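Visitor: Got a minute to walk me through this one? I'd like to start with the surface.

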Amino acid sequence: MTRLRKLQMNKKLKSFIDVYNSTVTDCEVYTFLTRGIELQEEACQKLESLFKKADNLKKDLIEKQDEEGANIVLAFGLMTFSLKSQMKMWIALKNDQPDKAWDHLVDAQESASGAIRAYPQLENLKGYIERLHAIEKVVFPPQVFSSAGFLIKDQICTICHKDYDNCDHIIGRPYMGKLCSVIIKKCELEEVSIVDTPHDKRCRITHFSDRSGKRNRMTWRIEKSEENENNIT
Amino acid sequence: MGVKIEEYVDIPKHAKKFGFKQPVKIAILPQNFESAKSSDELYYESETATVRKLWKEAKLQEERLEREEDHFPYIRKRTFEWLGPTIFIGSMLLANEPNTISLALNVISNYLTDFFRGSFQKPKIKFAIIVEKTNERKYQKINYEGDIKGIESLFDQIKKIANE
């Protein structure tokens, strides 16, 4: 009975992978700046639906304690999220929201890397990851990144929610469909610095002041600050 | 790849100051072991807990210097580099169990290969190894800063320093 259940579960996984492949093939066509925005929005909805299917299948596999299957689906879920984020990046750029677009790009990069960690057989995605980095260099201006140094006094494992010092889980590894990380519960800020390669590319200088006012580093527009607005009569 | 070597403090003297056990074979020292004035000031590098778990998984026996109830904070910098622990290697280990040293380093490099597998950028790996010189109560520190592949070459550096 167990063997039959496992066979059925593998069939479910295989069937999901078929749906994943056909959805991704359809949607990849729209991962270019020139594609119609309404078509990209439609593709986002298809990917959102695929992501929900992945999530449901993963819950199923977790219930059956199929760790290998859950980790495979985690990887495909992350890739789906990465593709959707890339699509949202192009849409945000067309909607004149480059700061949002940058965050979507970083989401796309991080989730693609996470997919390979969850399922190393996806290493053929390196070409896709390289493309995301080429987009970063060509489409966006160079960023100024900041990085904070902390003294961490208490951190918990995201898998078992115990003190990370006292559990057996290891950061970066997948466990039953989830990548292990830590949540910092108690820390002291030690320093903040400007760095070339940050841990999180969302930590960047977004504005600076010059003679004209507060300038957005992405758009180069002068933006009204709250102070200036209060002073306008 | 960068390896810088410098003299290190008298470990037994500092261990006594902090109420620590004296390391003999393989241990992890707090990052500021040589400069802290009291045990209240001590902290470890952010990846110390992970390395301890990797070694435990590989059945490598680390000597914990601090007491079971002591809990020291970790220093974490949010840059794209892996800040590993300060590893102590005793001369007895090098003489009697050199394979343990290779295992300790290989376990770290295998983990890093997996961890950075999906990364576009090449990670910068930073950690230190304190080597006890054979037949002398003197210690030297190897500061390693480089890529994952360079970790393999550290075993030869350790042997060279121990036997100088």
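Guide: The accessible surface of chain A comes to about 13200 Å², by the Shrake-Rupley method with a 1.4 Å probe, and for residues only the protein chains shown count as cover. Carbon and sulfur atoms hold 51% of that surface.

Visitor: Any ground rules before I go on?

Guide: This is a predicted model: local features need pLDDT of at least 70, side-chain atom pairs count only at pLDDT 80 or more, and totals for chains, interfaces and linings use all residues. Residues are numbered from 1 along each chain as its sequence is written, chains are lettered from A and ligands numbered from 1 in the order in which they are written, and side-chain values use heavy atoms, with hydrogens and water left out.

Visitor: How much of chain A is buried?

Guide: Of its 233 residues, 43% are buried. Buried is under 20% relative accessible area, exposed is over 50%, and partly exposed is in between (1.4 Å probe, protein chains only).

Visitor: What's the order of elements in chain A?

Guide: From the N terminus it runs α-α-α-α-α-β-β-β-β-β-β-β-α. That makes six helices and seven strands. These are DSSP runs numbered from the N terminus: helices are H or I with at least four residues, strands are E with at least two. The C-alpha trace spans about 75 × 50 × 35 Å along its principal axes.

Visitor: Which non-glycine has a positive phi between helix 2 and helix 3 of chain A?

Guide: A:Gln65, with a phi of about 60°. It sits in the loop between helix 2 (37-63) and helix 3 (67-94). A:Gln65 is exposed, at 57% relative accessible area. A:His161 also has a positive phi, about 65°, without being a glycine. The place of A:His161 is the loop between strand 1 (145-157) and strand 2 (174-175) of chain A.

Visitor: Switching to the interface. How many residues of each chain are in contact?

Guide: 24 residues of chain B touch 37 of chain A, contact being heavy atoms within 4.5 Å. The buried area is about 2800 Å², meaning the accessible area (1.4 Å probe) that the two parts lose on being put together, summed over both. Carbon and sulfur atoms give 53% of it.

Visitor: Which three residues of chain B supply the most?

Guide: B:Lys53, B:Arg76 and B:Arg78. Together they supply 26% of the area that chain B buries against chain A.

Visitor: How many salt bridges cross over?

Guide: Three. The rule is a side-chain nitrogen of Lys or Arg within 4 Å of a carboxyl oxygen of Asp or Glu. One joins A:Asp168 and B:Lys56, with the closest N and O atoms 3.3 Å apart. Another pairs B:Lys77 with A:Glu191 (3.4 Å, N to O). That pair runs from strand 4 (residues 74-77) of chain B to strand 4 of chain A. B:Lys77 is partly exposed at 38% relative accessibility, and A:Glu191 is partly exposed at 25%.

Visitor: And over all chains, how many salt bridges?

Guide: The search finds 27. Within chain A, A:Glu110 bonds to A:Arg202, the closest N and O atoms being 2.9 Å apart.

Visitor: Where do those two lie?

Guide: A:Glu110 is in helix 4 (residues 98-118), and A:Arg202 is in the loop between strand 4 (182-195) and strand 5 (207-210), so the pair ties together parts 92 residues apart in sequence. Both are partly exposed: A:Glu110 at 37% relative accessibility, A:Arg202 at 29%.

Visitor: Anything within chain B?

Guide: B:Arg67 forms a salt bridge with B:Asp70, the closest N and O atoms being 2.9 Å apart. B:Asp70 is partly exposed, with 22% relative accessible area.
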